[in-house]
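Me: I am new to this structure and would like a close look at a single part of it. Please keep the sentences short, and start from one residue.

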Amino acid sequence: MSADGEADTGFTDDEGIPFVGAGPGDPDLLTVAGRKLVEDADLVVHAGSLVNSELLDEFCADAEQVNSVGKDLEELIPLMADAYESGRTVVRLHSGDPAIYGAALEQMDALAEAGVPSYLVPGVTSAFAASATLRTQLTLNEVSNHVVFTRPQGRTLSAEEDHISDFVGFGDTTVCIYLGTHAVAETMDRLLDEGHDPDTPVAVVYHASWPDEDVIEGTIETMGERVEDAGYRASALVIIGEAVNGSDYERSFLYGDWARGGDAPNDEPDSDSDSDPQERDAK
């Protein structure tokens with residue numbers, strides 16, 4: 001418990017510069033820890049247009065704000081290190097969750113070389129905002145047992161390192177494609193060329209949780225043309241797999257016989273319940 005009576009989170013009391021996940025867009029999806037850190041900051045170095053300006057206006061109005069877009073490590077690291085060493089409270093604000101395609105670790109390692117500690121504060125990644133918009137789960141009993149976060153081939157990823165086709169081929173896997181809005185048509189064409197079912201569901205969620213959020217639903221066969229018609233080239237999350245539709249699932253074992261159509265549950269839990277204890281693990 002802190003001096004002001006608030007519970008310590010473990011994320012707001014660490015020493016150093018926090019790398020905070022701003023969430024997918026909606027300021028309400030910034031975590032409690034993240035909000036506390038940015039509200040207390042003297043300097044917020046943020047990811048430009050990838051962070052909703054409403055979030056910056058609401059929570060960072062009293063801080064100096066620096067857009068990191070276009071700045072390399074040789075500029076960013078001294079900027080943050082000098083501010084921290086002068087006694088200012090510094091926050092590095094990434095979009096989504098900094099652990100997902102965030103390039104956070106290279107910055108943290110460079111800060112460590114400069115003698116400045118840092119740590120990660122999780123955020124809500126866009127795949128979770130997109131699944132909420134679609135009113136579905138990324139894992140769905142007897143539909144999708146696995147989730148993959150991946151990206152398509154391009155400047156960063158070679159054709160040999162692009163495994164989207166393999167992931168889709170697993171069948172019971174939800175494939176979430178980041179950084180691939182510009183390549184949706186090419187990705188769908190490759191999947192068709194490699195023999196995947198053209199009717200496999202696909203959803204593209206542009207600016208998940210932002211005011212201008214848009215959802216395009218279709219299939220591997222139709223999605224390329226639909227995204228091109230919409231004109232989106234960035235800032236969308238692509239989801240491939242049967243879980244997109246949120247249907248044809250089997251009831252889980254989590255709620256016992258009642259959830260599978262049996263008698264209503266008693267007030268007291270049945271010690272002989274056949275609920276799978278693994279289903280009760282923390283998520």
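Leaving aside neighbours within four places in sequence, which residues is valine 238 in contact with?

Reply: A word on the source comes before the answer: this is a predicted model.

Valine 238 is in contact with Val175, Cys176, Ile177, Val184, Met188, Val202, Ala203 and Val204, once neighbours within four places in sequence are left aside. Val238 also belongs to the largest nonpolar core, which has 20 residues. Four of its members touch the most other members: Met188, Met223, Val238 and Ile240. Several elements each supply at least two residues of this core. The helices are H6 (164-169), H7 (184-193) and H8 (223-230). The strands are S7 (173-177), S8 (201-206) and S10 (236-240). There is also a second, separate core, with 19 residues. Leu30, Val38, Val44 and Phe59 are among them.

Next, the two helices H7 and H8. Their axes are 8 Å apart, and they pack at an angle of about 170°. That angle makes H7 roughly antiparallel to H8. From H7, the residues that meet H8 are Val184, Ala185 and Met188. From H8, Met223, Gly224, Val227 and Glu228 meet them. By class, this contact has five nonpolar residues, one polar and one charged. Val184 and Met188 appear here again, as they are also contacts of valine 238. A general point helps in reading such a list. An α-helix has 3.6 residues a turn, so residues three or four places apart point the same way.

Follow the chain on from H7. Histidine 196 lies in the loop between H7 and S8. Is this residue buried or exposed? Histidine 196 has a relative accessible area of 14%, so the residue is buried. Its side chain joins that of serine 165 in a polar contact of 2.7 Å. Beyond four places in sequence, histidine 196 is in contact with Ser165, Val168, Gly169, Leu191 and Ile220. Valine 168 is 28 residues away along the chain from histidine 196, yet their C-alpha atoms are separated by 7.9 Å.

Now the helix H5. Its buried residues are Ala127, Ala129, Ala130 and Ser131. What covers them includes S6, S7, S8 and S10. Strands S7, S8 and S10 were met above, where each supplies at least two residues of the largest nonpolar core. After H5 comes arginine 135, with a positive phi near 55°.

Leucine 134 sits in the loop between H5 (126-133) and S6 (146-150). Leucine 134 has 14% relative accessibility and therefore counts as buried. Not counting residues up to four places away in sequence, leucine 134 touches Ala203, Val205, Val215, Glu217 and Ile239. Ala203 is also in contact with valine 238. Alanine 243 is 109 residues from leucine 134 in sequence, and the two are 9.8 Å apart in space, C-alpha to C-alpha.

Two more buried residues deserve a look. The first is asparagine 52, in the loop between strand S2 (43-46) and helix H2 (53-59). Asparagine 52 has a relative accessible area of 6%, so the residue is buried. Its side chain reaches the backbone nitrogen of glutamate 54 at 2.9 Å. A polar atom of that asparagine 52 side chain also lies 3.1 Å from the backbone oxygen of glycine 25. Beyond residues up to four places away in sequence, asparagine 52 touches Gly25, Pro27, Trp210 and Pro211.

The other is histidine 94, placed in strand S4 (residues 90-94). Histidine 94 counts as buried because its relative accessibility is 6%. Its side chain and that of glutamine 107 are joined by a polar contact of 3.3 Å. The backbone oxygen of glycine 102 lies 3.2 Å from a polar atom of the histidine 94 side chain. Leaving aside neighbours within four places in sequence, histidine 94 has contacts that include Phe19, Val20, Gly21, Ala22 and Val51. Gly102, Ala103, Ala104 and Gln107 are in contact with histidine 94 too.

Last, the whole chain. The secondary structure comes to nine helices and 10 strands. The chain has 283 residues, and buried residues make up 43% of them. Take the contacts between residues at least 6 apart in sequence: 69% of these join residues at least 24 apart.

Key
Residues are numbered from 1 along each chain as its sequence is written. This is a predicted model: local features need pLDDT of at least 70, side-chain atom pairs count only at pLDDT 80 or more; totals for chains, interfaces and linings use all residues. Side-chain values use heavy atoms; hydrogens and water are left out. Helices (H or I, at least four residues) and strands (E, at least two) are DSSP runs, numbered from the N terminus. Buried means under 20% relative accessible area, exposed over 50%, partly exposed in between (1.4 Å probe, protein chains only). A polar contact is a pair of N or O atoms within 3.5 Å; within protein, one must be able to donate a hydrogen and the other to accept it, and residues adjacent in sequence count only if both atoms are side-chain atoms. Contact means heavy atoms within 4.5 Å. A nonpolar core is a set of buried Ala, Val, Leu, Ile, Met, Phe, Trp, Tyr and Cys residues joined through side-chain atoms within 4.5 Å. Axes are lines fitted to C-alpha atoms, for helices over the stretch in contact, and angles run from 0 to 180 degrees between N-to-C directions. Angles under 35 degrees count as roughly parallel, over 145 as roughly antiparallel, 65 to 115 as roughly perpendicular and the rest as oblique. Ala, Val, Leu, Ile, Met, Phe, Trp, Tyr, Cys and Pro count as nonpolar, Asp, Glu, Lys and Arg as charged, and the others, Gly among them, as polar.
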